[in-house]
Amino acid sequence: MSSKTHMKYNFASLIAMLVISTSTMAQKGPSITKLPSRADYMTLNPSKEYAFTTNAMSNSGKCEVYSTTDGELLYKKDCKRRDHFCSTNDCLIQYSTSNDSISVFDIRTGNIRWSANNLKYITTFQECLICKSSNANELYGYSTATGEQLWKIEAENDEELDIIRRNEPIVYGRNLYKINLKDNTVKTFKRDKNSSHYGKFTLAKTSGTHHYIADKKNVYCLDTNLNLVWSSPSPKGGKYDYTELSVNGETVVSLRHATSFVFASAYNASNGQNVF
C-alpha cells in the first residue's frame, strides 16, 4: 500500500510523535497498547488527530482509523489488494487502481460523504481532490468535503500524471497544468499534437520565478504563469532515452540518458543559450 500525499512513518517514530504531541498539550498520552502491533502501512492525517493503518496483502484487507488522543479504534473499512488510502484534515479517501473508483469518508465517523466511478486518483491538495477521467481526456478538481466539481479541463494525451507541490499544485505529464485553488482556475502549457512522441515532461526544481522542464527533444523555461520564456534543443540521443534536469545557480544542466550513453549539456538559466 502507498500514499501519494502523506509521508510514511514506521511504528516507533509514529508512536513517539503521538507521545510528544499529547505531552505538549498537557494531555494524557495515547493508549499505545490499543494501536496495532503491525500493519502494512501506517500514517497520520495532516492535522495529526487521526492515524490510519492498512493491511491489504489479499482481497480481504482492512483499513483501521484511530484517534491519536487516546489510541481508540474508531472504525474499520474493507479494502482489496489494489485499494489505497490517503487523507485530508477532515476526510479519509479510498481509491482503487483496479476499477478507477473513489470513495470519500468523514474521517471522524467513517460515514460516506461521496463516491464516484471512472476516475483515476492523482492527488489531494488542501481540500481539492485532483483526478483524471477513465473514459475521456479530462482532468477534474473536486471538493473533498462535498464532491462538488470545482473545475474541469482537457488533458489530451496525458495518461500518466504526476504532481509537484509549491504554493499551488502543478500537474504534469505530456502537458502542464497549474491549479489556482483560490479561484479554481487552471493554466496550461501544452505542446502541439505532433510532439506527443517527445515523451513525458521532466521537471527540475523551480528557481522561485521560473520552472525548467524537458522532454526528449527540448529544454524549456517557463515563468510562474506557465508562459514560455525560452526553449533550446537537447542533444541527439538514443532511441529509449529520458532527461534529467538540475538547476545550479545560473546554469540548467541536462543529462539525457540513451540506451548505452549519457549526453550532458548545459544552458544559461536566463536566456537558454547553450553553455556546453
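**Exercise 1. Identify the residue of β11 that stands opposite C131, then place the pair in its sheet.**

Solution.
- Step 1. Across from C131, in β11, stands Y140.
- Step 2. The model is predicted, so local features need pLDDT of at least 70, side-chain atom pairs count only at pLDDT 80 or more, and totals for chains, interfaces and linings use all residues. Residues are numbered from 1 along each chain as its sequence is written, and side-chain values use heavy atoms, with hydrogens and water left out.
- Step 3. Look at the strand pair. β10 covers residues 128–133 and β11 covers residues 138–143; they pair in the antiparallel sense over 5 bridges. Pairing requires at least two DSSP bridges between two strands. Strands are DSSP runs (E, at least two residues), helices are runs of H or I (at least four), and both are numbered from the N terminus.
- Step 4. Widen the view. The open sheet holds 4 strands in the order β9-β10-β11-β12, with antiparallel pairing. β9 (119–125) and β12 (149–154) are the edge strands, each pairing on one side only. On average, neighbouring strands here are turned by 20° against each other, direction ignored. Strand axes are lines fitted to C-alpha atoms, and angles between N-to-C directions run from 0 to 180 degrees.

**Exercise 2. Locate N137 and state how exposed it is.**

Solution.
- Step 1. N137 sits in the loop between β10 and β11.
- Step 2. Its relative accessible area is 36%, so N137 is partly exposed. The classes are buried (under 20%), exposed (over 50%) and partly exposed in between, with a 1.4 Å probe and protein chains only.
- Step 3. Check a through-space neighbour. A155 is 18 residues away from N137 along the chain, yet their C-alpha atoms are separated by 5.0 Å.

**Exercise 3. Trace the bridge partners of E64, and decide whether β3 is largely enclosed or open.**

Solution.
- Step 1. On one side, T53 stands opposite E64 of β3. Strand β2 (residues 50–55) pairs with β3 (residues 61–67) in the antiparallel sense over 6 bridges. F52 and V65 of β3 also stand opposite each other.
- Step 2. In β4, E64 has K76 as its bridge partner. β3 and β4 are antiparallel too, over 6 bridges.
- Step 3. Assemble the sheet. Its 4 strands run β1-β2-β3-β4, open, with antiparallel pairing. The edges are β1 (41–44) and β4 (73–79), each paired on one side only. Neighbouring strands are turned by 15° on average, direction ignored.
- Step 4. Judge β3. It is largely enclosed by the rest of the structure, because 6 of its 7 residues are buried.

**Exercise 4. Which backbone phi values are positive at G71, K48 and N184?**

Solution.
- Step 1. The hairpin of β3 and β4 has 5 residues between the strands; there G71 takes a phi near 75°.
- Step 2. Most residues other than glycine have a negative phi.
- Step 3. K48 has a positive phi near 65°. K48 lies in the loop between β1 and β2 and is partly exposed at 38% relative accessible area.
- Step 4. N184 has a positive phi near 55°. Its loop joins β15 (176–180) and β16 (185–189). At 26% relative accessibility, N184 is partly exposed.

**Exercise 5. Summarise the protein chain: how many helices and strands, and what share is buried?**

Solution.
- Step 1. The chain has 1 helix and 23 strands.
- Step 2. Of its 276 residues, 45% are buried.
- Step 3. The chain exposes about 14,100 Å², of which carbon and sulfur atoms supply 47%. Areas come from the Shrake-Rupley method.
- Step 4. Among contacts (heavy atoms within 4.5 Å) with a separation of 6 or more, 36% join residues 24 or more positions apart.

Methods: Accessible areas come from the Shrake-Rupley method with a 1.4 Å probe; for residues, only the protein chains shown count as cover.
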